[in-house]
Amino acid sequence: MLALKKTDAAFGLHLQDVPPPAEPGPGEVIVEVAAVGVCGSDIHAYEWTAGYEFMVPHLPLTLGHEFAGRIARLGPGVTGLAEGDPITVWPTVGCGACRACRSGRRQDCQERRIIGLHRDGGYAREVTVPADSCIRLPDGLDLRLAALAEPLCVGQNAVDVAVIEPGDAVLVLGPGPIGLGIAWLAQQQGADPVILAGYDDTLRLDCGRRMGLQHLVDLKEEKLGDAVMRIAGRPVDRVIEATGAIRSIHDGLSVLRSSGVLVVAGIHSEPLQIDLTRLVRDKKQLRTAHDSHAAAWPRVLDHLARHGDQLGQMISHHLPLSAALEGFELARRKRAIKVMLEP
Ligand SMILES: [Zn+2]
Ligand SMILES: [Zn+2]
């Protein structure tokens, strides 16, 4: 079968013909992948930017952690799933033994591994995963839409970390797929207004408009402070950052109200220098969000089942796995929003 692999610690990915997975072991299943998204972290692994050295001991490795498909084969002892079941996968695999894992918080396990970054993932027709990583889909949900569940759960987690109350003014910085999802989910939670800001990014801001977001700001055309005052009429209650650009943290803090919360959800390659005295006097809360949590999955799948028309706007390209590198180049050059590969 065809698989898209990271083979060595350098720029690039390789499409290779590999043998299908061996029979699943106890507690494992084989998933036939229907659709798998290209994520920002996949692009980083492709470009081999700093921060992905942790992958080196696991190479060669099939990437892909945003996928949905059907159960193809069950390993011994697997209950609660049947061949043919439509599923998506929470790619975070915990050790199963530590206090975090036993409390249902595998995202906090210090031994956690990510399917598609530490072990073979979904850029192939078949992938072996632990059965307890699979989440059954609502009946009738399109598998290509279901592959959006992982990035949306990352967004839902960021919204949960921000603790949004109805009527809160929320600013989301960065209109990539994660930022688009965060803004849409914040709006579902009653935030009003929700402002989504990007820089010189018509393609993705227009996508936000098609998803039903009302306040899209291009910072090439309007200063952030001016846009916030024009739309909200006051500093915002919450800022969620999904850019990975350190400047956006300072920008976000500058328009956040006293005792407001700023959630950092981007991955930053530079350190943050901050006037801590000023932050303390303004009682601004700096939090971080990464990965997702168990309760996010059923909520996001419910949104996908009911609002697939809006959320599906994020998928700008459907490509066969054989055209994966073309998809990576589109995403890398910001000419795509979400590229969906179909193995
Ligand atoms: Zn991802
Ligand atoms: Zn653990």
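These legends accompany a set of close-up views of a predicted model.

**View 1. The zinc ion (ligand 1) sits with C39 and H65 as its coordinating residues.** Let's start at the metal. C39 offers its SG atom and H65 its NE2 atom, at 2.1 to 2.2 Å. C39 belongs to the loop between strand 3 (28-37) and helix 1, while H65 belongs to the loop between strand 4 (61-62) and strand 5 (67-74), so the pair ties together parts that are 26 residues apart in sequence. If you look for these two side chains from the outside, bear in mind that both C39 and H65 are buried.

**View 2. Domain 1 meets domain 2.** Domain 1 takes in residues 2-147 + 294-342, and domain 2 covers 152-288. Their centres, taken over C-alpha atoms, are 27 Å apart. At the interface, 16 residues of domain 1 are in contact with 17 residues of domain 2. About 1700 Å² is buried between the two domains, with carbon and sulfur atoms giving 72% of that area.

**View 3. D160 and R299 form a salt bridge through their side chains.** The N to O distance here is 3.1 Å. Between domain 1 and domain 2 the count is 1 salt bridge, and 3 residue pairs are in polar contact across the interface. On the side of domain 1 that touches domain 2, helix 10 (residues 296-311) gives the most, with 9 residues.

**View 4. Helix 11 (residues 324-332) has a set of buried residues.** Have a look for A324, G327, F328, E329, L330 and A331, which are the buried ones. Their cover includes strand 1 (2-6), helix 1 (40-47), strand 17 (315-320) and strand 18 (338-342). Just beyond the helix you will meet K334, which follows helix 11 and has a positive phi, near 60°.

**View 5. Cis peptide bonds join L59 to P60 and D192 to P193.** For L59 and P60, omega is about -5°; P60 is in the loop between helix 1 and strand 4. For D192 and P193, omega is about 0°. P193 is in the loop between helix 5 (177-188) and strand 12 (194-198).

**View 6. V163 has a positive phi, and S259 has one too.** Neither is a glycine: V163 has a phi of about 50° and S259 a phi of about 65°. You can find V163 in the loop between helix 4 (149-162) and strand 11 (170-173), where V163 is partly exposed with a relative accessible area of 42%. S259 is in strand 15 (residues 256-264); S259 is also partly exposed, with a relative accessible area of 33%.

Key. Residues numbered from 1 in each chain as written. Chains lettered and ligands numbered in written order. Predicted model: local features only at pLDDT ≥ 70, side-chain atom pairs only at ≥ 80, totals over all residues. Heavy atoms only, no water. Buried < 20%, exposed > 50% of the residue type's maximum accessible area, 1.4 Å probe, protein only. Helix = DSSP H or I, 4+ residues; strand = E, 2+ residues; numbered from the N terminus. Contact = heavy atoms within 4.5 Å. Donors = N, O, S within 2.8 Å, 3.2 Å for Na, K, Ca; no water. Domains from an automatic or database assignment. Buried area = accessible area lost by both parts, 1.4 Å probe. Salt bridge = Lys/Arg side-chain N within 4 Å of Asp/Glu carboxyl O. Polar contact = N/O pair within 3.5 Å; in protein donor to acceptor, adjacent residues only side chain to side chain.
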